[in-house]
Amino acid sequence: MFRLRATCLALLGLALSPLASAQPGDVVVTADRMLDVRSGRMVERPQLLIRDGRIAAVGRAGDPVPADARRVELPGMTVLPGLIDMHVHLDSDPSYGGYTGLQFNDRFWSVLAVPHAERTLMAGFTTVRNVGADAWNDVGLRQAIDEGKLRGPRIVTAAYSFGATGGHCDSTYYPPSMDQKSPFNADSPDEARKVVRTLRKYGAQVIKICATGGVFSRNTEPGQQQLGYEEMKAIVDEAHMQGLKVAAHAHGAAGIRDAIRAGVDTIEHASLIDAEGIRLAKQHGAWLSMDIYNTDYTQAEGRRNGVLEDNLRKDREVADIQRENFRRAHRAGVKMVYGTDAGIYPHGDNARQFAVMVRYGMTPLEAIRSATLNAAEALGRDDVGVLEAGRWADLIAVPADPTQDVRVLENVPFVMKGGEVVKDAR
């Protein structure tokens with residue numbers, strides 16, 4: 001009721017205010033339909049007035065708008081919010097697995113992040129959370145995009161992900177003589193607090209930790225816990241004090257439980273979550289970000305890309321378990337967001353996970369909400385994820401109803417970010 005009243009007042013203000021003349025940058029977008037992700041309803045003949053890159057008003061076609069505003073007409077199209085992927089690695093490329101990446105200079109990965117970001121945006125993902133990068137690559141990329149030097153999504157940056165010495169976030173592929181290690185290993189609560197402070201100082205907007213072993217590291221097993229409760233509690237307390245949220249890579253059941261008890265905001269992967277972990281997630285309001293598509297790619301292409309057999313073995317072992325646990329967690333009512341681990345598979349294919357989420361129990365609308373409304377809430381942001389006044393004019397348009405066939409999101413022909421049309425392939 002409040003939102004309806006606010007919308008009516010906003011439209012009345014448009015009719016009575018000095019908006020008879022457009023201001024520079026005013027844009028009016030019309031389409032056949034718009035998905036209201038809050039209500040789940042399809043709005044017929046929507047009209048959005050955009051000013052200075054943000055939505056000024058949402059109404060119906062024919063409502064008063066500045067006569068000389070630039071018009072973007074999308075006949076036959078369904079409009080919905082720009083999508084949000086909560087788990088990407090823009091400076092990673094799945095073409096190079098195992099040791100094959102050693103043939104390149106360190107800055108090779110910095111450069112690859114540029115086309116990866118553009119590909120992601122063109123796929124309709126106007127916001128992403130980059131949960132781990134090397135050499136501050138994601139921070140520099142975010143700054144270049146925000147300055148208008150490059151095209152890409154809005155990026156929430158974690159900079160380096162970190163964990164325990166020898167753990168999944170450490171450098172685990174090399175012998176002692178090479179002395180390869182993460183610069184941010186933390187083996188006590190005090191060390192962990194200092195890492196949080198250092199990462200925030202240099203551009204981290206979210207803190208990403210590795211609570212358990214992983215699939216694509218060496219000499220770790222996904223189920224093994226690698227950070228203790230006290231270390232994770234120190235990380236969360238420090239991050240929250242600094243206004244940052246915490247994401248925890250956690251496959252194993254014990255690590256998931258301790259991460260939730262420590263106050264971690266989002267649990268990444270959550271492959272081996274058990275009944276107690278599901279109960280704790282509901283109790284504490286933790287979000288699960290479960291990447292249940294990417295195994296399709298890694299099992300098909302991993303060996304050809306140089307991924308070691310031991311990594312492929314772990315990938316096979318957790319795949320079906322993770323998907324069934326996704327089904328159990330969703331059925332239990334745990335809060336879920338859309339996170340794909342793009343970089344493990346090719347960037348730009350982010351939307352392929354929607355259909356897998358539907359196959360394992362979500363409705364198309366629930367899957368879409370996980371990448372819009374839910375993701376924005378988990379980020380703690382009120383400027384993305386929903387098409388309503390005051391938010392960024394980040395939107396996509398597709399030629400069918402994605403609540404009937406979610407796979408239409410795999411080929412998005414129209415993308416707008418901040419009121420600017422960045423793709424129109426209709």
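User: A polar contact is a pair of N or O atoms within 3.5 Å; within protein, one must be able to donate a hydrogen and the other to accept it, and residues adjacent in sequence count only if both atoms are side-chain atoms. Which residue's side chain does such a contact join to that of Asn305?

Analyst: This is a predicted model, where local features need pLDDT of at least 70, side-chain atom pairs count only at 80 or more, and totals for chains, interfaces and linings use all residues. Residues are numbered from 1 along each chain as its sequence is written, and side-chain values use heavy atoms, leaving out hydrogens and water. At 3.0 Å, the partner of Asn305 is Tyr297.

User: Okay, is Asn305 buried or exposed?

Analyst: Buried means under 20% relative accessible area, exposed over 50%, and partly exposed in between (1.4 Å probe, protein chains only). Asn305 comes out at 10%, so it counts as buried.

User: How far apart, centre to centre, are the rings of Trp136 and Tyr160?

Analyst: Rings of Phe, Tyr and Trp (its six-membered ring) pair if their centres lie within 6.5 Å; planes under 30 degrees apart count as stacked, over 60 as edge-to-face and the rest as tilted. That rule gives 15 aromatic pairs. Trp136 and Tyr160 make an edge-to-face one, with 80° between the planes and a centre-to-centre distance of 5.2 Å.

User: And which ring does the charged end of Arg154 sit over?

Analyst: A charge sits over a ring if NZ of Lys or CZ of Arg is within 6 Å of the ring centre and within 35 degrees of the ring normal. Arg54 lies over the face of Trp392, 4.0 Å from the ring centre. For Arg154, at 4.3 Å from the centre, the ring is that of Trp392.
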